[in-house]
Amino acid sequence: MALEFNFLGDLTVLRDGDALELPPSRKTRALLAYLALNPRAFNREHLCELLWEVPDDPRGSLRWSLSKLRRLVDDAARRRLVADRLSVRLDATDVAVDVAALKALAESGLAAASVETLEDASARYRGNFLEGLDLSSFHQFHAWCIAEREHASRAQTAVLNALVTRLSADPPRALVHAHALVALAPYDEAARAALIRLLVALGRAEEAARQYELGTRMLREMGTQPTGRLYRALHGVPGAASAT
């Protein structure tokens, strides 16, 4: 039975394409992500410290969460959640994990991937990693979550950059990816320049001018002097660099 974890945007778990009902506890959902993306055994004490405070009866809370996760990830053919008195691990080697696949593609597969593969990967980015589940009161987990969120954002940026570059000769198809790239990296001058060039190529001069004005203002508000890249893109001057 195929199992899929989606951690980008709202957390979802799919079995054979059907969404499963998730445990109501935010900590239990957070624990699922932590175990799925860290393929090793963890001491129970570590997990207790990660997500529970002493007054909450952390050992009892962890046992409760594990019982909920076991029903979610195990099936008749596969025992994925492996726990004993001392340690816990989740064997997700046969599970499709959206953020793991995105990072693997960005780190080593962009050059060989087809445009269709890149577009499929991009479409799976439904929002920030573990949206709403960063649990800022639990500092170790929060720090891990923020690091994973930044890593996923960089990976999506790399995929979108590759798409905008590969599809530069097909402006209508490239435009959606250029918009997504600017939304993800609004202060990236090269990304906005690529969007402006595509808008100009499509005859959408007013939109291109608005993007130029917005990008210039944002750069100055950030204390960065524009390099002229946006101007060159708007006016079709040779030498406007690509988004990569």
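Visitor: In which sense do strands β1 and β2 pair?

Guide: In this predicted model, strand β1 covers residues 3–6 and strand β2 covers residues 12–15, and four bridges join them. One of these contributions can be followed at residue level, since leucine 3 has arginine 15 as its bridge partner in β2. The sense in which β1 and β2 pair is antiparallel.

Visitor: Which residue in the turn of the β1 and β2 hairpin has a positive phi?

Guide: The two strands form a hairpin, and five residues lie between them. Within that turn, a positive phi of about 85 degrees belongs to glycine 9.

Visitor: Which residue in β7 stands opposite leucine 3?

Guide: Strand β1 also pairs with strand β7, residues 95–97, and here the sense is parallel, with three bridges. Leucine 3, whose bridge partner in β2 is arginine 15, stands opposite a residue of β7 as well, and that residue is valine 95.

Visitor: What is the order of the strands in the open sheet of four strands?

Guide: Beyond the pairings of β1, strands β2 and β3 pair in the antiparallel sense over two bridges, and arginine 15 has aspartate 18 as its bridge partner in β3. The pairing in the sheet is therefore mixed, and the order of the strands is β3-β2-β1-β7.

Visitor: Why is one side of β3 and of β7 left without a neighbour in the sheet?

Guide: In the order β3-β2-β1-β7 of this open sheet, β3 (18–19) and β7 stand at the edges. One side of each is left without a neighbour because each has a single partner strand.

Visitor: At about what angle to β7 does α4 run?

Guide: Two helices can be placed against the strands, and helix α3, residues 58–73, lies across β1 and β2, where it runs at about 40 degrees to β2. Helix α4 lies across β1 and β7, and its angle to β7 is about 65 degrees.

Visitor: Which helix gives the most to the lining of the largest pocket?

Guide: The largest pocket has a volume of about 160 Å³, and its lining includes Leu35, Ala36, Leu37, Val97, Ala100 and Lys103. Helices α1 (26–37) and α4 (98–108) each supply at least two residues of this lining. With three residues, the helix that gives the most is α1.

Visitor: How many residues of the lining of the largest pocket are nonpolar?

Guide: Among the lining residues are Pro39, Leu90, Asp91, Ala92, Thr93 and Glu148. By class, the lining holds one polar residue and three charged ones, while the number of nonpolar residues is eight.

Visitor: From which helix does the largest share of the lining of the largest cavity come?

Guide: A search of the whole structure finds one cavity of 30 Å³ or more, and the largest cavity has a volume of about 30 Å³. Its lining includes Tyr187, Arg192, Gly215, Met218 and Leu230, and by class it has five nonpolar, one polar and three charged residues. Helices α8 (189–201) and α9 (205–221) each supply at least two residues, and the largest share, three residues, comes from α9.

Visitor: Why is helix α2 largely enclosed by the rest of the structure?

Guide: In α2, the buried residues are Arg44, His46, Leu47, Cys48, Leu50 and Leu51, and what covers them includes α1, β4 (42–43), α3, β5 (81–83), β6 (87–90) and α6 (139–166). Helix α2, residues 44–51, is largely enclosed because the buried residues number six of the eight.

Visitor: With which residues is arginine 40 in contact, leaving aside its neighbours within four places in sequence?

Guide: Arginine 40 is found in the loop between α1 and β4, and its C-alpha atom is separated by 19 Å from that of lysine 103, which is 63 residues away along the chain. Leaving aside neighbours within four places in sequence, the contacts of arginine 40 are Val88 and Arg89.

Visitor: What percentage of the residues in the protein is buried?

Guide: The protein has ten helices and seven strands, and its C-alpha trace spans about 65 × 40 × 30 Å along its principal axes. Among contacts between residues at least 6 apart in sequence, 61% join residues at least 24 apart. With buried meaning under 20% relative accessible area, the share of the 244 residues that is buried is 48%.

Methods
Residues numbered from 1 in each chain as written. Predicted model: local features only at pLDDT ≥ 70, side-chain atom pairs only at ≥ 80, totals over all residues. Heavy atoms only, no water. Pairing = 2+ DSSP bridges. 1 Å grid on protein atoms, 1.4 Å probe; cavity = no way out; pocket = protein on both sides within 12 Å on 5 of 7 lines; lining within 4 Å. Points joined across faces, edges and corners; volume = space filled by probe spheres on them. Nonpolar A, V, L, I, M, F, W, Y, C, P; charged D, E, K, R; others polar. Contact = heavy atoms within 4.5 Å. Axes fitted to C-alpha atoms, helices over the stretch in contact; angles between N-to-C directions. Buried < 20%, exposed > 50% of the residue type's maximum accessible area, 1.4 Å probe, protein only.
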